[in-house]
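Biologist: I've got a model open and I'd like to learn how to read it. Could you walk me through a few features?

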Amino acid sequence: MTATPEAQGQVLPLPGDPAYVTARPANPAGLPTAYEHGGRLTPEGSTVDPILVEIVQGTLASVEMEVETAIGRTSRSPMIRDAHDFRAGIHDRQLRKLTGRSYSALVHPVARDFPLAEMQEGDVFFHNDVYESEGGIGHLPDLCVTVPVFHEGEVVAFVQAFGHHDDIGGGCPGSMPSGATSVYEEGLAVPPIKLWDQGVPNKSALRIMTRNSRMPDSLAADLDAECSACLMGARRLGELFARYGRDQIEAAFDAILDATTETYRREILSKIPDGTYVWEDYAEHDGVDDPKLHTQRITLTKVSDAPADPEHGRPAGPRLILDFTGTAPQAKGPINHCGDYVGGNFLKKWLAPILRNLADTPERMAELDVNEGIVPLIEMRFPEKGTLLTPIHPGPTNARTFVILRLLGVLAGVVAKAVDGKMPADQETIRYTGVYGHDRDGNDYLMREVLGGGSGGRYYADGEDTIHVVPDSRNLPTEFTEGRFPFIVERLGLAVDSGGAGRYRGGLGYEKHIRMVKDAHFMSIADRSILACWGVKGGKAGAPFQVTIDPGGPEEREVDALADAEPIRAGQVVRIRTTGGGGWGDPLERPYDEVERDLRWGKVSFEGARTAYGVVASGTKDEPVIDVAASDALRGQLRGDRGEDAPFFDRGPGYAALAGGSAASEYDYV
């Protein structure tokens with residue numbers, strides 16, 4: 001007896017069904033992938049007025065910014081309103097991301113579960129379920145709303161926003177329990193649902209979500225802001241279609257993405273020599289097991305004459321193949337990331353900004369957008385289910401930044417091996433720190449912020465200080481936090497000597513001192529407290545992340561980088577030092593005048609100048625004096641003390657502690 005297609009898990013289209021509900025193989029989550037995506041909207045070779053393309057591209061960017069501005073002005077939680085940890089995105093009806101100003105989540109899970117033909121104006125869809133998000137949502141606090149755009153009664157595009165919210169339930173305030181061993185401990189997971197139906201909010205669903213949050217008023221206000229902003233954005237895009245017509249606008253969409261594909265093919269991929277290159281890096285802990293090396297490996301293959309692959313929308317010509325085989329098994333703790341969905345669609349757009357460093361100039365790099373146009377140029381190959389990048393439900397994921405941030409560095413490192421180091425050194429520019437307890441009036445509060453760190457030195461310039469990898473995000477203003485929460489910010493500045501030494505120094509991290517007015521608890525979700533941001537081509541690793549409670553006091557102690565409820569007493573200080581970026585090139589080649597400038601600016605100490613740069617200086621910070629003769633002699637001595645077979649990457653002293661005493665990996669040499 002032959003099984004029916006339905007019994008085999010296939011979804012057959014009904015007569016008259018549009019193409020996007022045609023059956024597809026099951027995705028890695030075991031869910032039917034019953035939608036078309038990624039294809040062109042117009043025939044190959046179609047033409048469109050280039051002036052209209054400019055108008056459309058500018059309008060898309062403007063609408064995206066308008067949506068984000070509206071969310072920032074009308075939301076309530078500090079994480080959304082003040083830290084700006086949210087993103088908007090615009091996608092066409094083939095689910096392709098059109099804008100390149102920022103990354104965004106995916107429309108795929110909404111189109112999978114709700115046929116476009118059944119959507120109505122005023123509908124708003126919601127999801128945050130990591131395993132049903134097709135890889136677009138990394139952890140449960142990231143809540144995503146999606147609004148379809150209509151023209152003459154049909155869906156023609158989508159406006160979407162997702163952001164990191166204060167609390168969605170789970171085992172600790174902030175919904176990021178560092179010791180979680182399943183996703184069920186991390187908060188409320190919502191698969192794609194219709195949150196608004198033709199302009200009418202689903203009050204039952206909203207009540208369930210707010211009831212599960214420790215910050216219900218903030219959550220309700222943030223969701224209202226995001227839904228309203230996306231509905232406004234959908235109206236703006238509808239006006240664009242009404243003005244120029246669907247055929248012209250969709251032709252412009254194709255032209256925008258085609259231009260990105262061709263630009264990256266010509267200006268970026270051409271810089272990588274054909275061949276295969278391997279590199280790996282590591283997360284250091286998962287919150288459950290003792291610290292160890294959790295490997296993330298990329299085997300990069302560059303092919304200039306790859307054949308066309310119509311089934312996956314890949315044209316003939318240059319292609320990058322990223323193979324993640326060798327990545328460590330799924331962690332017990334929450335550092336896993338669901339990356340193997342829709343062919344790695346989200347990861348491609350997340351990682352692609354690293355490739356912009358190959359542009360001819362920094363100015364040109366800043367001009368390059370990352371939209372769906374880069375997707376056909378990258379092929380991803382994932383290991384079997386059960387790794388850090390291919391976790392099996394219900395594996396926890398709330399600290400998945402340890403993986404997706406590290407992958408940025410792994411890609412930068414493997415490309416650096418291919419291009420003789422002409423890529424930036426490593427950075428670790430996001431971690432969550434915060435305090436919670438009872439405020440002066442006895443009410444519960446949660447203060448959490450995303451503190452940045454230093455970026456890596458580049459082959460032409462130092463790294464940047466205290467940057468945030470999330471575009472437009474920022475630390476919380478002191479005036480706001482002191483007025484709302486029971487603590488005083490006694491210092492917020494640069495962490496001296498935190499940037500990795502190099503011909504081009506790594507950027508510095510933050511040093512922040514918080515003195516508590518009332519007893520409270522400190523929380524931290526951070527990596528790079530043992531390992532460090534690596535230096536490249538002679539550059540040294542930056543300083544790691546560090547938290548100290550009561551520094552210099554009788555109860556001074558270091559706090560683990562993964563902490564949910566470290567007690568702090570009233571009057572005690574929490575000192576937070578974030579990571580410095582890795583250095584680029586030999587620090588003994590850094591000119592004396594640049595070291596003198598670093599001394600005057602307070603970025604490098606006198607002792608750091610001596611030990612890291614071989615520079616002997618005296619005087620004061622305001623008027624340092626370099627002893628050139630003594631410095632020349634010291635640099636000569638330091639060069640003579642070096643080994644001959646130095647690795648291409650410097651991982652810092654913490655690596656040996658987790659690698660059985662080894663100073664470098666076998667992949668650290670070229």
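**Reading a helix, a sheet and some cysteines**

Modeller: Sure, and keep in mind that this is a predicted model. Let's start with helix α13, residues 628–640: its 13 residues reach 18 Å from the first C-alpha to the last, close to the 18 Å expected at 1.5 Å a residue.

Biologist: Which residues of α13 are buried?

Modeller: The general idea is that an α-helix has 3.6 residues a turn, so residues three or four places apart point the same way. In α13, the buried residues are S631, L634 and R635. Seen down the helix axis, the buried residues of α13 fall within an arc of 100°, so they line one face.

Biologist: What covers the buried residues of α13?

Modeller: The cover includes α11 (592–601), α12 (606–613) and β22 (624–626). On the face turned away from the buried side, α13 carries the exposed residues A629 and G640.

Biologist: And which residue caps the N-terminal end of α13?

Modeller: That's D627: one of its side-chain oxygens lies 3.3 Å from the backbone nitrogen of A629.

Biologist: On to sheets. In what order do the strands of the five-stranded open sheet come?

Modeller: Read them across as β13-β14-β20-β17-β18, with antiparallel pairing. At the edges stand β13 (487–494) and β18 (557–558); each has a single partner strand, so one side of each is left without a neighbour in the sheet.

Biologist: How many bridges join β13 to β14?

Modeller: Seven bridges tie β13 to β14 (residues 510–516), and the two run antiparallel. For a spot to click on, find V489, which stands opposite I514 in β14.

Biologist: What about single residues? What does T301 touch, leaving out residues up to four places away in sequence?

Modeller: T301 sits in strand β8, residues 294–306. With those close sequence neighbours left out, T301 touches G275, T276, R319, L320 and I321. Its side chain also makes a polar contact with the side chain of T276, at 3.2 Å.

Biologist: Last one, since I always worry about cysteines. How many disulfides does a search of the whole structure find?

Modeller: Zero. Take C227: the nearest cysteine sulfur, in C230, is 7.3 Å away, and C227 is in no disulfide. A disulfide needs the two sulfurs within 2.5 Å.

Biologist: Why does C338 have no bond to C144?

Modeller: Because the sulfur of C144, the closest cysteine sulfur to that of C338, is 15 Å from it, too far for a bond.

Biologist: Are C227 and C338 buried or exposed?

Modeller: C227 counts as buried because its relative accessibility is 1%, and C338 is buried at 1% too.

Terms used. Residues numbered from 1 in each chain as written. Predicted model: local features only at pLDDT ≥ 70, side-chain atom pairs only at ≥ 80, totals over all residues. Heavy atoms only, no water. Helix = DSSP H or I, 4+ residues; strand = E, 2+ residues; numbered from the N terminus. Polar contact = N/O pair within 3.5 Å; in protein donor to acceptor, adjacent residues only side chain to side chain. Contact = heavy atoms within 4.5 Å. Buried < 20%, exposed > 50% of the residue type's maximum accessible area, 1.4 Å probe, protein only. Pairing = 2+ DSSP bridges. Expected span 1.5 Å × (residues − 1). Arc of directions from axis to C-beta.
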